[in-house]
Amino acid sequence: MSSSKDEQQQSIRLPAEARLLVIKLASLGDLLLATPALRALRETYPQARIDLLVTPGSADLLAGWEIIDEIIVLDKYLFDSPRQVLTDPLRLGRLFPLWQRLRSAHYDAVLLLHHLTLPFGRLKHQLLVRATGARWRVGLDNGHGWFLNVRVKDEGFGAMHEADYNLAVAAAVGAHTSDRRLTVPLSEAEREQARCLLYMDEAPDPFMRPIIAMHPGSGSYSTARRWAPERFAALADTLYREVGGQLVLLGGPEEGELHQHILSLLRSGLPARSFAGKGSVKVTTAVLEQVDLFIGNDAGVMHLAAAAGTPTVAIFGLSNHRAWGPYTGGVPGRQAVVVRLDLPCMPCFYRGHELGTPEGCATRDCLAQLGVDPVATAARSLLLQAGYRPASPLHTSQPSQAGTPNEDH
């Protein structure tokens, strides 16, 4: 193998005790989709040092996971646009301690788990990767990856699931795993907190079931991904009339008002509670381990449900379900269904090699025209497989817009 740092390689093999830095400056859901790749690195290089560079908002998600040696935090949102840097050049000085830290770690390889989509983002990623001084710079190449010397072809958003793109970057350094589950490391204390939150003072066994969890919100980056709250309420009423049980609404404290709106719309007598802002992200994951079904929009909580192994119905509109649908990792018994329309304009968010339009079009037909019936059909199917039979016969019609089980995603 040549010693030239800039020689391009399709794949390499690292020393057994290599020092690796993985860069994933993203939200909780996106970081979660990197966990199979991180597991692949640890299984292939058990003696390596594996550090992870993340944002403050996702730093706690993988805390305590034995696969990672150290989690390093960078607030990338301080440097998210050229204007921020031009109007306040002194903020660049905040990067100096990080630069020193990365340089002094003497990494053998840096793995960039990002698409090179926007010009300023490409510049930031290039500077970060170069700052490490690592011999091997590994990542996706969509034609702008000239600063990488181990390149994985980027065919565009949705050509592969994001989790599979991350696994492909790991494979470029010879790392593979047969365990492609998403992982949130949970402590017994977090699971106990979830049990107290969910069951209150009652024992789990006689508790009213099925427990259906819904997440009607979305990340702040694209609130256009939200299905109408009126339809979440109508769906909850429909399922309660058929199978009984109870409803819990999940989300952050900023979604409390949305939850209360949905609770006010319920008409069936369904027992329902809001967990908005109650417990950490890990406690939310532990709650999801205990529920019977999850229904939610394209958002981080949906990925938490997939990680928890909860049967999942994911509602997609403008965003790319082939890139960010619920990922089961091909694990037998894990079930996930994507429900979406099939309009020619879909997806308009992360399409091909372009960012697209995070807030969609003015009418957002992809969600506005998606009724309750297709989502209810998918939910009934998963509840039936879990042994919950309706009090009244299931509808026999299968709306053409209903999703189908997504075995890989």
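**Note on the predicted model**

1. Trp324 is buried, since its relative accessible area is 10%, where the cut-off for burial is under 20%. The model under review is a predicted one, and this tryptophan is a convenient place to begin reading it.

2. On aromatic contacts, the count of aromatic pairs comes to six. One of these joins Trp324 and Tyr350, whose ring centres lie 4.8 Å apart with 45° between the planes, so that the pair is classed as tilted. Distant parts of the chain are linked by this pair, as Trp324 belongs to helix α12 (residues 321-324) and Tyr350 to strand β13 (residues 349-351), 26 residues apart. Both rings also belong to one aromatic cluster, whose members are Phe157, Trp324, Phe349 and Tyr350.

3. Turning to the chain as a whole, there are 14 helices and 14 strands, and 55% of the 409 residues count as buried. Among contacts between residues at least 6 apart in sequence, 73% join residues that are at least 24 apart.

4. Helix α5 (residues 119-131) can be checked for its length: with 13 residues at 1.5 Å a residue, the helix should span 18 Å, and because its end C-alpha atoms are 18 Å apart, the model agrees with that expectation. The buried residues of α5 are Phe120, Gly121, Arg122, His125, Gln126, Leu128, Val129 and Ala131. When reading such a list, it helps to recall that an α-helix has 3.6 residues a turn, so residues three or four places apart point the same way. After α5 comes Gly133, which has a positive phi, near 70°.

5. The second largest pocket holds about 150 Å³ of space. Its lining is made up of Arg181, Leu182, Thr183, Val184, Leu186, Arg191, Thr285, Glu289, Ala307, Ala308 and Arg334, which by class amounts to five nonpolar, two polar and four charged residues. Helices α10 (281-290) and α11 (300-308) each supply at least two residues of this lining.

6. Two cis peptide bonds deserve a look in the model. Arg209 and Pro210 are joined by a cis bond with omega of about 5°, and Pro210 sits in the loop between α7 (188-199) and β7 (211-215). The peptide bond from Met346 to Pro347 is likewise cis, with omega near -10°, and Pro347 is placed in the loop between β12 (336-339) and β13.

7. Positive phi values outside glycine may also be inspected. What is the phi of His106, which is not a glycine? For His106 the value is positive, about 55°, and the residue lies in the loop between α4 (96-104) and β4 (109-112). His106 counts as exposed because its relative accessibility is 59%, the cut-off for that class being over 50%.

8. Arg364 is a further residue other than glycine with a positive phi, near 50°, and Arg364 is found in the loop between β14 (354-356) and α13 (365-368). At 33% relative accessibility Arg364 counts as partly exposed, since that value falls between the under 20% that defines buried and the over 50% that defines exposed.

Key
Residues numbered from 1 in each chain as written. Predicted model: local features only at pLDDT ≥ 70, side-chain atom pairs only at ≥ 80, totals over all residues. Heavy atoms only, no water. Helix = DSSP H or I, 4+ residues; strand = E, 2+ residues; numbered from the N terminus. Expected span 1.5 Å × (residues − 1). Buried < 20%, exposed > 50% of the residue type's maximum accessible area, 1.4 Å probe, protein only. Phe/Tyr/Trp six-rings, centres within 6.5 Å; stacked < 30°, edge-to-face > 60°. 1 Å grid on protein atoms, 1.4 Å probe; cavity = no way out; pocket = protein on both sides within 12 Å on 5 of 7 lines; lining within 4 Å. Points joined across faces, edges and corners; volume = space filled by probe spheres on them. Nonpolar A, V, L, I, M, F, W, Y, C, P; charged D, E, K, R; others polar. Contact = heavy atoms within 4.5 Å.
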